[in-house]
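Notebook open, structure loaded. I want to look up the aromatic rings and a few side chains.

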Amino acid sequence: FVDLYPNKPIHLREIGYPSSEALKSSEEMQAEFVVHAFEAWDIYKDHIPLLSFLWLTEKSSSDLDAFGLYYGSNLKILRDMLGSLGFRHADETEKPALKVLRAEAKKRGW
C-alpha cells in the first residue's frame, strides 16, 4: 500500500488473524501476526498513522449468528474465522496474542 500510495496516509482500521485450527491456524500463529504487524508498523509509521486490531475478545455465538445474517452466509469456515479473531476467548480467558500485544505496546512506550 505504501508503494501504491506514497503520498497518502494509510489507516488500517481492522486488521486481524484468526486462530482457528479449522483454518490451519493456531493461537501461536495469531500471536506471531501481532509481532509482525508491529514490526511493519515500525517500518512504515510515517505512512500509517493508524493500525487497529479488529477486536480483543472473541464474539459470542449469537454475535456470530448476526454476522452470518449480515454476510448472508452460515458457512462454518466464516464462523471459524470471525469467531477466532479475538485475543481473548469469549469467556475472556486470554490467548497468547494479548500478552504479545501488551509487550509490543510497552516496547513502544504505550
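I started with Phe53, which is buried at 13% relative accessibility (buried is under 20% relative accessible area, exposed over 50%, partly exposed in between, with a 1.4 Å probe and protein chains only).

Note to self: this is a predicted model, where local features need pLDDT of at least 70, side-chain atom pairs count only at pLDDT 80 or more, and totals for chains, interfaces and linings use all residues. Numbering runs from 1 along each chain as its sequence is written, and side-chain values use heavy atoms, with hydrogens and water left out.

Next I searched the whole structure for aromatic pairs and got ten (Phe, Tyr and Trp rings, the six-membered one for Trp, with centres within 6.5 Å; planes under 30 degrees apart are stacked, over 60 edge-to-face, the rest tilted). Tyr17 and Phe33 are stacked, because their centres are 5.3 Å apart and their planes at 25°. Tyr17 sits in the loop between β1 (11-15) and α1, and Phe33 in helix α1, 16 residues apart (helices, H or I of at least four residues, and strands, E of at least two, are DSSP runs numbered from the N terminus).

I checked exposure too: Tyr17 is partly exposed at 25%, and so is Phe33 at 22%. Phe33 also pairs edge-to-face with Phe53, 6.5 Å centre to centre with 80° between the planes. Phe53 is in strand β2 (residues 50-53), so this pair ties together parts 20 residues apart in sequence.

Finally, I traced the ring pairs: they link Tyr17, Phe33, Phe38, Trp41, Phe53, Phe87 and Trp110 into a cluster.
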